[in-house]
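User: I would like to go through this model term by term. Please justify each label as we go.

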Amino acid sequence: MTALDHIRCLSIIAHIDHGKSTLADRLLELTGAVSARDMRAQYLDSMDLERERGITIKAQNVRLEYKGFVINLIDTPGHVDFGYEVSRSLAACEGVILLVDASQGIEAQTLANCYQAMEHDLTIVAALNKIDLPAAEPERRAAEIERVLGIPAEELLHISAKTGEGVAELLDAVIERIPAPKGDVDAPTQALIFDSYYDPYRGVVSAVRVFNGALRSGAKLRYVQARQDHDAEEIGVRLPVPTPVATLGPGEVGYLVAGIKEVGQAKVGETVTDANRPASALEGYRDPKPMVFCGLYPVEGDDYADLRDALEKLRLNDSSVTYDPETSGALGFGFRCGFLGLLHMEIVRERLEREYDLALVATAPNVEYRVVRLDGSVEVIDNPSSMPPLNEVTAIEEPYVTVILLTPTDYVGTLMELSQQRRGVLDKMEYLSEDRVELVYLLPLGEIVTDFFDQMKSRTRGYASLDYEPAGYRASDLVKVDVLLNNTPVDAFSAIVHRDKAYDYGRKMTQKLRELIPRQLFDVPIQAAVGGRIVARETVKAKRKDVLAKCYGGDITRKRKLLERQKEGKRRMKQIGSVEVPQEAFVAALRLDE
Amino acid sequence: MFGVYVHVPFCAHRCDYCDFATWTDRAHLIDEYVDACVEDLQRRVANGQPDAASVFFGGGTPSLLEADKLVRILDAIPRTAGAEVTVECNPDSVDAAKFAAYRRGGVTRLSFGVQSMRPHVLAALGRTHDPANVQRAVALARDAGFAHVSIDLIYGTPGETMDDWRATLDSAIALGVDHISAYALTVEPATPLGLAVAAGERPAPDDDDQADKYAFADDTLSAAGFEWYEVSNWALPGHECRHNRCYWDGSEYVGIGAAAHGFTGGRRWWNTRTPERYIARIADGPDAVTGDEVLAPAARVEEAFGLALRTRSGATVGRAAAPVIGQLASAGLLTVEEDRIVLTRPGRLLASDLTARLLLAGAPG
Ligand SMILES: Nc1nc2c(ncn2[C@@H]2O[C@H](COP(=O)(O)OP(=O)(O)OP(=O)(O)O)[C@@H](O)[C@H]2O)c(=O)[nH]1
Ligand SMILES: C[S@@+](CC[C@H](N)C(=O)[O-])C[C@H]1O[C@@H](n2cnc3c(N)ncnc32)[C@H](O)[C@@H]1O
Ligand code: SF4
Ligand SMILES: [Mg+2]
């Protein structure tokens with residue numbers, strides 16, 4: 001156990017790509033936690049998906065030792081979808097390093113994450129990063145930070161996470177400025193689970209921060225909300241290699257394995273205490289509210305049970321995913337899943353496919369609607385296909401969000417145009433500095449979850465950023481557009497859209513599907529309909545030739561391999577009625593404007 | 001029926017569409033190569049290779065070899081009485097003396113790579129011969145006493161009109177040959193054609209155009225007395241190529257020469273790809289095999305099903321796929337003849353799709 005005054009607990013927070021994980025690399029090096037030989041860029045980004053995409057998806061904690069201090073560091077993700085990872089990391093800390101890219105300046109998640117840290121009353125050690133870049137403008141950015149966030153320029157550190165310049169000074173400032181944790185080792189034990197993942201060999205592994213008392217290996221622990229007792233099989237710390245310890249005292253951060261196999265018994269936000277001397281629960285977390293929904297279906301119906309198991313396990317790892325069984329006329333048995341955003345949805349889907357070896361079909365994403373029936377009853381609908389006929393409803397309400405856009409002044413015009421096209425209402429416009437503007441819009445969430453983000457990025461050459469938060473429901477003139485393949489409605493492609501956009505949606509979706517659906521043995525009509533009236537129509541003509549015509553002499557092996565590939569291709573197609581639809585069609589159909 | 005395939009990996013010129021194992025700059029290897037083929041054969045014969053009912057010299061361009069060299073190889077192959085011996089020929093590299101020597105040496109059948117009888121189509125394919133050469137070559141073959149002459153055609157080359165294709169078929173029939181193979185132009189990635197198509201410099205062949213031309217060929221050839229016996233092959237009755245049949249019906253064969261494939265003792269195997277390595281491997285002994293596979297019983301059944309379905313005899317089926325077979329039959333893609341299914345003309349054009357579909361439905365019986 002380390003004395004409290006020699007412990008610091010902090011998270012690194014920033015906008016996406018401002019260099020959090022790279023700074024973590026330098027800190028791992030500086031403190032000798034990872035040797036030069038074992039170092040690799042963004043060391044803590046250990047998931048394949050993180051490494052491929054170059055972004056952090058899951059917060060990671062590590063224990064560093066430096067100048068006699070124990071520093072519990074959490075590297076957090078910067079993408080807007082993963083704000084929840086940040087908020088739960090903050091609950092295990094007394095302070096944060098707030099990084100700001102010295103060439104980009106303050107962006108949307110800089111603000112959002114900084115405000116979160118302020119709400120938690122955390123000490124903020126702010127640093128300008130990437131000062132090695134020729135485009136860095138440290139003075140100007142410092143002035144901006146001072147004006148917008150109220151952090152005095154002289155308190156700002158200037159660092160390069162790439163070269164290591166200023167990193168040692170930053171670590172000294174962390175030790176000096178961030179308060180030591182408080183806690184009483186003699187009080188009843190209280191430890192907060194701020195992350196949990198499922199390990200197929202060990203069961204549930206939880207990341208914990210001890211507030212009072214101590215976690216001891218072998219002790220009988222009580223999980224307060226789950227009302228269950230478990231033995232502490234192993235407790236340990238990440239150095240970053242997981243290393244067992246006998247005890248974790250107040251202020252310490254580590255991991256806990258307690259032989260828990262069942263999903264839902266070691267939830268994030270759970271308080272762990274001593275079964276023989278229980279304490280009350282710490283303040284947990286509000287469960288994050290999913291914003292975007294889609295149906296996930298196995299390509300092969302037989303995989304339904306596997307998908308359910310996979311979702312169960314994944315949810316322990318990522319409690320922000322929700323799922324409920326549903327049945328689709330076209331797709332069979334599957335789940336309606338809720339996500340924090342589009343990137344989150346994409347990533348969950350990819351993880352399910354890779355980590356659980358499933359082939360999945362995802363339906364178009366949508367938001368939750370509130371439907372007011374004629375008798376005044378209100379129903380929440382997260383699936384377009386459960387939308388009642390329009391003559392049975394008096395109103396359909398859709399969720400709105402307050403969107404904060406930060407942009408260089410040059411792009412204000414194009415962003416206003418985009419927001420207006422998406423039915424946005426301007427709420428506020430403010431200059432953060434002479435060349436940077438904050439726009440606040442009230443926008444239907446449903447307009448954001450299509451391709452708003454991509455459009456914003458391409459219109460501003462990547463310079464604008466956005467953040468959003470829920471702003472309640474409002475009635476809108478919405479209709480359901482049905483898409484029919486071979487005269488059968490396919491819920492995967494149908495959507496609820498504003499009446500003015502129904503025709504446009506139908507036309508784009510049918511055209512896209514015509515490109516994506518391969519020719520079949522017969523003509524396949526593709527139609528879009530609103531309330532039974534066809535608004536767009538395309539046809540995939542029957543294919544007439546699919547044969548190896550060339551002579552390959554005695555090379556039968558090659559013929560057979562081609563046949564194998566063809567069979568595999570067919571297997572990966574989703575059979576909708578008699579039409580074979582490739583999985584890519586479901587994904588690409590979500591990107592109607594490309 | 002046992003067969004021997006001999007690969008001759010030399011050509012005078014590389015056609016734009018061709019990805020066969022063949023080289024245009026290695027004529028200096030021919031003598032050593034022929035020696036290596038003979039050596040390979042002698043070892044196999046010493047190890048009990050059965051008499052061949054069919055021998056096929058394929059390429060590349062076997063007719064590039066001087067006749068005595070080709071006959072040396074043929075002499076090293078013990079054959080049954082009345083064995084079929086085919087030599088693939090390029091119309092540019094033949095003459096009366098060569099054909100006479102082939103005849104004396106035991107060759108019974110010639111196959112000419114004609115591709116098209118329209119000069120602009122030949123140019124688009126990167127072929128060097130002109131249609132007049134074809135007439136001359138076939139006449140020489142007949143004069144030399146060959147009763148079995150086949151030609152290869154390619155249809156659906158971008159730029160080839162339906163009239164061009166009709167003219168090619170009419171001239172082909174007028175040549176008086178007894179066997180015609182017609183292949184849809186296939187774009188192979190690692191060829192000049194493939195690269196040009198990938199770069200957008202040349203159009204890709206059109207599936208619908210090729211389907212139309214296939215139907216037209218089938219009509220025209222049928223009217224002239226030819227019958228289809230495999231997706232891409234038509235023959236006068238009784239004049240089917242025996243060697244082709246042996247690939248499709250699961251007979252055993254050995255492959256001699258670079259890149260040649262064999263199938264013996266339930267094992268598919270293939271030789272090293274380049275002539276240099278073939279020569280070196282044979283010198284080192286015992287053979288030049290570089291890869292093989294023994295198929296699991298299920299894969300063998302599927303492979304045999306796929307091959308059989310391409311032929312006029314069709315494939316035998318069990319009960320499992322009855323519903324799928326029923327649907328495909330009522331869509332006019334196949335006919336059911338007792339326990340066999342045979343593809344119709346539209347069905348043949350979709351053979352790859354249908355085979356995969358039927359296998360997934362558990363069709364083989
Ligand atoms: N030139 C320069 N590049 C840097 C510096 N710090 C980070 N980068 C680069 O910026 C990019 C993003 O760095 P990351 O460390 O992955 O950023 P992050 O904040 O962890 O990103 P997310 O976790 O996805 O939010 C990478 O290409 C880094 O190499 C720096 O100080 N100077
Ligand atoms: C291996 S070649 C041998 C014939 C000889 N070398 C010649 O071309 O004159 C056999 C036949 O395959 C066909 N062929 C080769 N490549 C092809 C392709 N890419 N597409 C369609 N047919 C092809 C041609 O009809 C060719 O005549
Ligand atoms: S098609 Fe025939 S002649 Fe042309 S390169 Fe290929 S093998 Fe040689
Ligand atoms: Mg990161």
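**Ligand sites, sheet and chain A**

Analyst: The shell around ligand 1 holds six nonpolar, 10 polar and five charged residues. The model is a predicted one.

User: What makes A:G19 and A:G78 part of the shell around ligand 1?

Analyst: A residue counts as near if its C-beta atom, placed from the backbone, lies within 6 Å of the molecule. There are 21 residues around ligand 1, and A:G19 and A:G78 are among those that come nearest, as are A:S21, A:I55 and A:T56. Helix α1 (residues 20-30) of chain A gives the largest share, three residues.

User: Why is the site of ligand 2 called shared?

Analyst: Residues from chains A and B surround ligand 2, so the site is shared between chains. Of its 19 surrounding residues, B:Y17, B:G113, B:D152, B:Y183 and B:T186 come nearest. Strands β2 (52-59), β4 (109-115) and β5 (148-155) of chain B each supply at least two residues of this shell. By class, the shell has seven nonpolar, eight polar and four charged residues.

User: Which residue around ligand 3 is the charged one?

Analyst: Asp, Glu, Lys and Arg count as charged. The list around ligand 3 includes B:R14, and the shell has one charged residue. Therefore B:R14, an Arg, is that residue. Gly counts as polar, so B:G59, B:G60 and B:G113 are among the six polar residues.

User: How do you know that β12 and β15 of chain A pair?

Analyst: Pairing requires at least two bridges between the strands. Strand β12 (residues 234-238) and strand β15 (residues 253-257) of chain A have three bridges, in the antiparallel sense. The criterion is therefore met. Within this pair, A:G236 stands opposite A:Y255 in β15(A).

User: What makes β11 and β13 of chain A edge strands?

Analyst: The open sheet has eight strands in the order β11-β10-β16-β7-β8-β15-β12-β13 (chain A), with antiparallel pairing. β11 (228-231) and β13 (242-245) of chain A each pair on one side only. Neighbouring strands of this sheet are turned by 40 degrees against each other on average, direction ignored. Helix α7 (residues 304-317) of chain A packs on the sheet, touching β7 (190-199) and β8 (203-212) of chain A. Its direction makes about 145 degrees with that of β7(A).

User: What makes a residue of chain A count as buried, and what share of the chain is buried?

Analyst: A buried residue has 20 or more other C-beta atoms within 10 Å of its own. In chain A, 47% of the 594 residues are buried. The chain comes to 14 helices and 33 strands.

Definitions and conventions. Residues numbered from 1 in each chain as written. Chains lettered and ligands numbered in written order. Predicted model: local features only at pLDDT ≥ 70, side-chain atom pairs only at ≥ 80, totals over all residues. Helix = DSSP H or I, 4+ residues; strand = E, 2+ residues; numbered from the N terminus. Axes fitted to C-alpha atoms, helices over the stretch in contact; angles between N-to-C directions. Contact = placed C-beta atoms within 7 Å. Buried ≥ 20, exposed ≤ 12 C-beta atoms within 10 Å, placed from the backbone.
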